[in-house]
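Student: I'd like to go through this model with you, a few questions at a time. Can we start with the strands and work outward from there?

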Amino acid sequence: MSCAMKPPAANCPTLEEHGAKLSPEKGRYVLYISMMCPFAHRVNLVRSLKGLKSWIQLVVLDPELGPNGWFFSGRFGTADRDPLYGFKHLKDSYLKSEPGYTGRSSVPMLWDRKTEKVVSNESGDLMRMLYNSFDALLPPEFQESNLPGGGFYPTDLRTEIEKLNSLIHSSLNAGVYNVGLASTQEAYDQASDKVFDLLDQIEQRLQSTPFLLGPNITETDLRLYTSIARFDVAYYTIFRCNLKLIRLDYPAIDRWYRQLYHTGVPWSQAAFEETTDFFACKFGYTKFYEGRKVGSMDIIPAGPSPAILPPRA
C-alpha cells in the first residue's frame, strides 16, 4: 500500500506493469517519501537497515498533503523542489513517467533515473526489492543470509509472515484510517474495535517473544513499527483511536517499540530513530484532518476506557 490517505487506485504503476527490473546500480534510483506517511516510512526503514543510503537517493516532500497532492516547499528541512526536474508537485513526476496518468500520485515512490520512469509506488513490493536486489553487492553484515534468522523474509517463516502482514494491514495499518475517516457512528465503532482487538493480540504475542515471529526481526515488525510510532502521537488524538494508549496500556508492545527506536538492531542501531519524525506525523495528520473536514464531527470517541481509573489502594 502507498500513502494517498485512501486505498491506492487500480492504475497505480507497479514494477510488473512497467516491465522494469531493479538493477543494483549505485545512484540510479531515487526514493520519494513524506516523513508523515507510515507506508513510505517502512521503505525508508529498509533503505537504512540495509545500508543503502549511499546507493539510493532520498527526496523528502512536505509532511502535508495539499490540494494537488504531495508537494515541495522547503519547510521543515524538506526539499524545496524536485532535485531532478524542478517540479513542485510529485504528480508531475508521475505524468513525466506516464503522460495522461490519472491514478493517485502517492508515496513512497521509487524513480529510475535511467528510464525516467516510476518503478513502483507499492510499499510492500518496494521493501522486498530493496532488501533483495542489492544484497549481493552489500558488505557481508548487511546481506540477508548473514542477518539473524536469515533476514527480513526468511524462507521458513514466509507463510506466517504473509498471514500476519495481512492481519496487521487490515486491522491496524489501514484500520486506523477506517476509524479516523468514519462517517457514521457504527462504522467508527466497528473499525475501532478491530484496531484494539488486533493490538490486544499483538500484546499477547510480544509477552513471550522479543519480535513478532520469534527471536529475530522480520519485515512484519517493520510494518507494525511505523503504525505504532504514530499511534500515541497522532492516531490516538487526531483519528480518535482513543480507547487505549500504547505507552500505558500495552507494556509488551511499548517495550518492543522503545527498544527498536532507542537501540535498533545490532547491525544498524540508529535506523529506527533516524527515520521517525514525530513532528511530521502530528503536523501532517492534523493538516489533513482539519483541512478536509474528513469523517463526521458527530462521532463520539470510544475512549479512554475506563473513563476514570479506580482509586489507588
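Student: How many bridges join E1 to E2?

Tutor: Keep in mind that we're looking at a predicted model. E1 and E2 run parallel, and leucine 31 stands opposite leucine 58 in E2. The number of bridges joining E1 to E2 is five.

Student: In what order do the four strands of the open sheet come?

Tutor: Start from the edges: strand E2 (57-61) and strand E6 (117-120) each pair on one side only. The pairing in this open sheet is mixed, and the twist averages 30 degrees from one strand to the next. Reading across, the order is E2-E1-E5-E6.

Student: At about what angle does H2 run to E1?

Tutor: H2 lies across two strands, E1 and E2. Its direction relative to E1 is about 135 degrees.

Student: Where is cysteine 37, one of the residues in the "active site" annotation?

Tutor: That annotation comes from an unreviewed UniProt entry and covers Cys37 and Tyr177. Strand E1 spans 29-34 and helix H2 spans 38-49. Cysteine 37 therefore falls outside both, and it is buried, with a relative accessible area of 0%. Its place is the loop between E1 and H2.

Student: What is the largest C-alpha distance for the annotated residues, Cys37 and Tyr177?

Tutor: In sequence they're spread over 141 residues, yet they cluster in space. Tyrosine 177 is found in helix H6 (residues 175-180). The largest C-alpha distance is 12.0 Å.

Student: Is tyrosine 177 buried or exposed?

Tutor: The cut-off for buried is under 20% relative accessible area. Tyrosine 177 has 7% relative accessibility, so it counts as buried.

Student: Which residues do ring pairs link into a cluster with Tyr177?

Tutor: A search of the whole structure finds 22 aromatic pairs. Some of these ring pairs link up into a cluster that includes Tyr177. Its partners in that cluster are Phe39, Phe196, Phe231, Tyr235, Phe239 and Tyr285.

Student: How many residues apart in sequence are the parts tied together by tyrosine 131 and phenylalanine 152?

Tutor: The two rings form a tilted pair, 5.7 Å centre to centre with 35 degrees between the planes, and both residues are buried. Tyrosine 131 lies in helix H4 (residues 123-133) and phenylalanine 152 in the loop between H4 and helix H5 (158-173), so the pair ties together parts that are apart in sequence by 21 residues.

Student: How many disulfides does a search of the whole structure find?

Tutor: Cysteine 37 is buried at 0%, and cysteine 241 counts as buried at 0% relative accessibility too. As for disulfides across the whole structure, the search finds zero.

Definitions and conventions:
Residues numbered from 1 in each chain as written. Predicted model: local features only at pLDDT ≥ 70, side-chain atom pairs only at ≥ 80, totals over all residues. Heavy atoms only, no water. UniProt positions renumbered as here; feature names shortened; annotations may be inferred. Buried < 20%, exposed > 50% of the residue type's maximum accessible area, 1.4 Å probe, protein only. Pairing = 2+ DSSP bridges. Axes fitted to C-alpha atoms, helices over the stretch in contact; angles between N-to-C directions. Contact = heavy atoms within 4.5 Å. Disulfide = S-S within 2.5 Å. Phe/Tyr/Trp six-rings, centres within 6.5 Å; stacked < 30°, edge-to-face > 60°.
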